[in-house]
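I am keeping these entries as I look things up, for a reader who has not seen this structure before. Each entry takes one topic and follows it to the residues concerned.

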Amino acid sequence: MSRIAVNGAERCGAVAAGEVAGVVRELAAGVLGVAPESVDVRRPLRELGMDSTQVMDLAAELSRRLERAVPARVGCQHPSVAALSAFLTDGDSSAFTDQGSAGAGDAGSRGVAEPVAVIGMGCRLPGGADVFEVLGEGLRGRAGEAGGPFWEGAGAGTPGGLVADSARNALAHARVAVVDLADARVGVFVGAGPATASPVPGAGAAGGAGPHSGTPGAPDVPQSPQSPQSPQSPQSPQSPDGSVRAVRLADALGIPRPALSVAAGCGSSLVAVDLAVRSLRDGSCGIALAGGAAGLPPDGPVTGGHGRAAGGVLVLRRISDALAAGDRIHAVIHGSAVDGRTAPLRGRPDPARAAWRTAGVAPPGVACLDVPDTGRPDAAERAPGVIGLLRAVVGLCLGGPVPGRSPALSPSPAGAGAAGASAVPGGRWPGGRRYVGVRGHGGTLSHVALEAAAPRRRLVVPVAATGDAALRRSVREHLARWDAGEAPDAALAVPGTGAHRVAAAGEGPGEVRDGLLAGLEDRTPPPAGGRPALAFLFSGGGPQWIGTGRALLAEPAFRATLAECDRAVRAVTGWSVIEELLADDGQSLVRTDVLQPVLFSVQTALARTLRAWGVESDIVLGASIGEAAAAVAAGALSLEEGARLIATWSALVAERASGHGTLTVCDLPLAEAERFSARSGGRVFVASHLAPGQVCLSGTVDDMAAAERELAGRGVATLRTPVDYAGHSTLLADIAPELVRRLGTLDTRRTRVPYWSTVTHGFVDGTALDASYWVRNMCEPTLMEEAVHRLAGERAVRIVEISPHPVALFSVRQTLAARGDTRSAALATGHRDVPARQGLEDLVARLWCDGIDVDWSAAGAAAPAARGTGAALPRPRAAAPGPA
């Protein structure tokens with residue numbers, strides 16, 4: 001959009017050019033549900049918590065306010081408020097003609113690289129194996145519905161046959177009907193690869209009725225070598241003649257030509273992907289099929305008609321088009337590059353760096369997967385480079401690890417073997433962003449820069465009834481309405497009332513269907529004594545996965561509370577919680593004076609999010625300094641006073657105590673631990689009674705090291721925590737007067753929710769939480785086991801740990817197990833290996849099934865269906881239960 005002079009004033013559509021930045025910031029804040037002043041204009045929108053769907057919402061709001069069409073892709077290409085504002089005021093007006101799926105090439109003409117979404121995948125490896133078998137059989141079950149047709153189909157035994165088979169499976173995986181391609185602007189890019197293959201003996205006969213055997217929807221054709229559709233004919237998609245492979249694939253799928261066969265030696269398949277990405281970005285096509293196959297000389301009996309050929313295909317779309325169509329996005333390609341040499345030359349840039357420069361990501365720390373793409377006959381690791389790309393996408397989809405990680409972007413010799421079996425531990429990347437570079441070499445150097453897609457909102461469907469028979473009948477009615485084509489949110493209406501409940505969540509209706517049917521069989525009867533009590537437990541120090549806070553920034557209640565905490569903490573400390581939370585390195589979060597205020601803020605935001613979803617606690621308690629956030633949740637302290645308390649406490653500990661002590665968890669009964677402490681002569685202290693047979697000891701670093709050696713010699717298990725001060729011991733008594741002086745008079749009040757003190761071992765009124773109470777919290781033991789024992793002894797209880805990642809959950813469960821308590825349960829708001837919103841959804845679904853109220857309209861039950869899934873609902877994969 002160019003600036004237009006109207007009556008002497010520059011304007012951007014209906015808004016003066018000088019006001020555009022403020023409008024963009026205001027609308028971005030509205031989408032996020034926060035105050036405009038809390039929006040960092042330089043921070044990428046995604047890091048502020050804006051997911052892909054919200055970027056589309058922002059574009060729609062900008063179009064309305066500016067009275068000009070603002071395509072959704074602009075938010076991807078200019079990913080911060082500042083960048084978007086600059087584009088809106090200085091860009092070319094032609095860039096604002098939204099071409100939709102047709103595309104007009106504006107992205108390419110501007111030199112701005114719009115991300116490309118991977119929306120479908122299909123592949124076959126030698127012997128009929130698939131990517132899941134390469135990564136490990138255990139991943140197949142974890143993939144759930146996202147796998148679908150990815151691994152189906154037998155395929156023919158030639159490279160062309162496997163490309164055709166993989167393409168059909170990839171389209172099915174993308175939920176794109178082949179019949180719809182005839183009128184679409186589809187690009188076909190197939191790596192021809194080296195012509196090392198010969199038709200596999202018996203490929204047609206062994207496979208069944210025809211050369212397409214095992215390929216869904218393929219017609220039977222005569223097997224004569226003279227037939228134009230014979231696998232021996234160059235006119236067949238299965239032909240070993242790679243030069244016409246793309247054209248014949250396009251013909252077989254009914255896609256109008258032209259189609260491009262890429263002859264780039266052994267590196268053809270990744271070069272084909274690079275060309276597909278470029279064509280999507282310059283508007284030459286709206287959807288692309290890209291991949292390839294390698295024909296490997298048979299080294300033994302043909303297995304299942306596959307021989308030694310391997311191939312794979314991806315279905316790609318510009319991310320703005322994929323979002324508009326409601327496609328499932330499995331990964332995002334941010335950049336790609338090729339170089340027609342077999343190895344990097346001194347003084348010439350590696351294509352890997354060019355790819356990541358296009359992506360706008362600094363290469364250090366990027367996990368890199370080597371894929372030789374040589375086509376040599378020595379197992380799956382020598383399959384085409386597109387197979388390596390598929391492996392990386394699957395690893396990103398499942399949360400890692402991605403196999404074959406190499407040192408970040410280090411060059412590999414041409415023809416070298418695939419990278420070793422090392423992997424990113426637990427699938428975690430620096431800064432919380434998951435990037436993988438797929439590097440092909442052998443014939444042509446190539447590199448593809450990938451990022452994990454943002455987790456897609458799941459469908460959440462709760463169903464309730466007054467009895468078991470009525471519940472089963474209600475579930476059957478839901479399934480029948482879905483099968484008739486009704487969207488889950490419309491079929492849901494209201495979850496119903498009654499104590500008999502089941503809830504399920506999934507990325508698609510098929511997963512929800514399976515979850516409801518399984519839930520009917522696995523559920524437990526309603527609690528005999530009515531709904532259980534609900535206790536929120538705010539854990540204190542220890543290792544945390546703060547990334548949960550980043551991931552929940554898109555939640556309005558969470559974001560609004562975090563912004564409020566940010567202002568309150570900044571008023572005391574001068575630094576920003578949100579900036580520390582979003583910092584790429586996260587190095588400052590190891591410091592007590594930073595970690596504890598950030599943790600306090602995240603815990604407070606988690607509790608308020610649950611409350612916004614209608615989940616109200618009956619009891620609040622905290623462990624260690626987690627009592628500060630607990631006091632705010634109970635209403636004993638305002639958020640501002642809680643922020644002042646945690647900031648003052650943590651700053652004093654960091655100044656006077658950090659580096660001089662530590663904490664160690666050990667398997668000792670309390671009485672034995674107390675005797676051990678007494679024998680130490682005041683050097684080792686019992687800091688916390690965690691559970692029956694488990695305590696936490698405190699002391700100086702040297703004294704704790706000696707204690708650990710002594711206990712290990714006695715066969716006692718110990719675990720050193722990352723805490724660097726001697727918490728909950730008299731070693732902190734010297735700084736107690738200073739804590740009282742700095743805190744002064746705390747503005748306390750009566751609690752809104754009963755507050756259980758793990759210091760005094762009893763309920764306390766909020767007005768008792770003055771400065772002297774927090775001295776006791778700092779120097780005296782935490783009575784965790786006693787609290788759980790007491791709370792669970794009175795009635796059934798659900799104890800929910802409010803934390804980014806559980807640290808007290810195991811101990812609570814140990815205490816309940818020691819009591820033989822089957823009525824109560826310990827749960828958590830999240831786990832580092834589970835997407836943050838999904839963790840909260842699973843939690844509230846479990847609580848609701850146990851009888852605790854949930855406001856499903858606020859929690860977003862079945863909400864994604866309102867935006868459209870872009871595909872028909874799948875048919876049942878399991879029979880509905882019979883009449884009850």
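**Entry 1: salt bridges.** Before searching I fixed the term: a salt bridge here is a side-chain nitrogen of Lys or Arg within 4 Å of a carboxyl oxygen of Asp or Glu. I also noted that this is a predicted model. With that criterion, a search of the whole structure gave me 33 salt bridges. As background, side chains of opposite charge can pair when their charged atoms come close.

**Entry 2: the chain as a whole.** I then stepped back to the overall counts, and found 32 helices and 26 strands in the chain. The chain has 884 residues, and 58% of them count as buried. Looking at contacts with a separation of 6 or more, I found that 76% come from residues 24 or more positions apart. The exposed surface comes to about 32,600 Å², of which carbon and sulfur atoms supply 53%.

**Entry 3: three of the salt bridges.** Which residue does D468 meet in a salt bridge? The partner is R523, at 2.6 Å from N to O. I placed D468 in helix α15 (residues 468-483) and R523 in the loop between α17 (509-522) and β16 (533-538), so the two are 55 residues apart and the pair links distant parts of the chain. D468 itself is partly exposed, with a relative accessible area of 31%.

Next I looked at E708 and R720, whose side chains also meet in a salt bridge, again at 2.6 Å from N to O. Here E708 belongs to helix α25 (residues 701-713) and R720 to strand β21 (residues 718-720), twelve residues apart. E708 counts as buried at 16% relative accessibility, whereas R720 counts as partly exposed at 35%.

The third pair I looked up is R750 with D765, at 3.3 Å from N to O. R750 lies in the loop between α26 (736-743) and β22 (755-757) and D765 in the loop between β23 (762-764) and α27 (771-779), so this salt bridge ties together parts that are 15 residues apart in sequence. Is R750 buried or exposed? I found that R750 counts as exposed, because its relative accessibility of 64% is over the 50% cut-off. D765 is partly exposed, with a relative accessible area of 23%. I also noted one network, in which salt bridges that share partners join R458, E555, R837, E841 and D842.

**Entry 4: an enclosed strand.** Why is strand β14 (residues 459-465) described as largely enclosed by the rest of the structure? The reason is that seven of its seven residues are buried. I traced the directions of these residues as well: L459, V461, V463 and A465 point one way from β14, while V460, P462 and A464 point the other way, and all are buried. In a regular strand the side chains alternate between the two faces of the sheet. β14 pairs with strand β15 (residues 500-506) in the antiparallel sense over seven bridges, and within β15 the bridge partner of V461 is A504.

**Entry 5: nonpolar cores.** The largest nonpolar core has 86 residues, and F538, Y755, W774 and M778 touch the most other members. Helix α21 (residues 592-612) gives the most to this core, with eight residues. A second, separate core has 34 residues, including M121, V386, V393 and A452.

I followed F538 further and, leaving aside neighbours within four places in sequence, listed its contacts, among them Q603, A607, V620, L621 and I802. The C-alpha atoms of F538 and A808 are separated by 9.0 Å, although the two residues are 270 residues apart along the chain. A808 sits in the loop between β25 (797-802) and α29 and is buried, with a relative accessible area of 10%. Beyond its neighbours within four places in sequence, A808 is in contact with L537, S539 and E801.

**Entry 6: a five-stranded sheet.** I found an open sheet with the order β21-β18-β20-β19-β24 and mixed pairing. Its edge strands are β21 and β24 (782-783), each pairing on one side only. Strand β19 (residues 684-691) runs parallel to β24 and is joined to it by two bridges; in β24, T782 is the bridge partner of S688. Helix α28 (residues 784-794) lies across β19 and β24, running at about 25 degrees to β19. Helix α29 (residues 809-819) packs on the sheet too, touching β19 and β20 (694-699), and its direction makes about 65 degrees with that of β19.

Key:
Residues numbered from 1 in each chain as written. Predicted model: local features only at pLDDT ≥ 70, side-chain atom pairs only at ≥ 80, totals over all residues. Heavy atoms only, no water. Helix = DSSP H or I, 4+ residues; strand = E, 2+ residues; numbered from the N terminus. Buried < 20%, exposed > 50% of the residue type's maximum accessible area, 1.4 Å probe, protein only. Contact = heavy atoms within 4.5 Å. Areas by Shrake-Rupley, 256 points an atom, 1.4 Å probe, with all protein chains shown as cover. Pairing = 2+ DSSP bridges. Core = buried A, V, L, I, M, F, W, Y, C linked by side-chain atoms within 4.5 Å. Axes fitted to C-alpha atoms, helices over the stretch in contact; angles between N-to-C directions.
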